[in-house]
Amino acid sequence: MLDERDRRVLADIEQRLSAADPAFARRMRAPDCPFPAVPVLAAGAFLALPFLGLFLGPRAVLVAINVMAVAVMIVLVFRSRKPW
């Protein structure tokens with residue numbers, strides 16, 4: 001816990017930072033935690049590929065790998081184009 005003097009100093013620093021760079025202060029106040037889409041896609045593919053290979057054959061596995069790669073690329077492109 002901070003004592004009262006440190007809290008005032010911290011509040012002053014935050015106020016000056018908000019005045020100097022409001023966009024940065026807004027990002028720091030409410031950090032954006034996106035859904036972990038890439039790890040979820042990778043885990044889903046890891047779990048689905050053996051079943052696809054067993055029931056539908058190796059061509060289905062290759063198609064699923066390509067679909068997953070495209071989905072990951074789409075997610076990464078949309079994340080990189082996010083405006084601050």
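Buried means under 20% relative accessible area, exposed means over 50%, and partly exposed lies in between (1.4 Å probe, protein chains only). Welcome to these exercises on a predicted model, in which local features need pLDDT of at least 70, side-chain atom pairs count only at pLDDT 80 or more, and totals for chains, interfaces and linings use all residues. Residues are numbered from 1 along each chain as its sequence is written, and side-chain values use heavy atoms, with hydrogens and water left out.

**Exercise 1.** Work out which class of exposure Asp 12 and its salt-bridge partner belong to.

*Solution.*
- Step 1: find the partner. Asp 12 forms a salt bridge with Arg 16, and their closest N and O atoms are 3.3 Å apart. A salt bridge is a side-chain nitrogen of Lys or Arg within 4 Å of a carboxyl oxygen of Asp or Glu.
- Step 2: compare with the cut-offs. Asp 12 has a relative accessible area of 31%, so Asp 12 is partly exposed. Arg 16 is exposed, because its relative accessible area is 60%.
- Step 3: look at the spacing. Asp 12 and Arg 16 are separated by about one helical turn because they are 4 residues apart in helix H1. An α-helix has 3.6 residues a turn, so residues three or four places apart point the same way.

**Exercise 2.** Find the other pairs among the 3 salt bridges of the structure.

*Solution.*
- Step 1: start with Glu 4. Glu 4 pairs with Arg 7 in a salt bridge, with the closest N and O atoms 3.8 Å apart. Both residues lie in helix H1 (residues 4-20), 3 residues apart. Helices (H or I, at least four residues) and strands (E, at least two) are DSSP runs, numbered from the N terminus.
- Step 2: move to Arg 5. Arg 5 forms a salt bridge with Asp 6, where the closest N and O atoms are 3.9 Å apart.
- Step 3: classify this last pair. Arg 5 counts as exposed at 56% relative accessibility, while Asp 6 is partly exposed at 33%.

**Exercise 3.** Describe the helices of the protein chain, then say what the buried residues of H4 pack against.

*Solution.*
- Step 1: count. The protein chain has 4 helices and 0 strands, in the pattern α-α-α-α along the sequence.
- Step 2: list the buried residues of H4. These are Ala 60, Val 61, Val 72 and Val 75.
- Step 3: find the neighbour. The buried residues of H4 pack against H3, where contact means heavy atoms within 4.5 Å.
- Step 4: zoom out. Buried residues make up 10% of the 84 residues in the protein chain.
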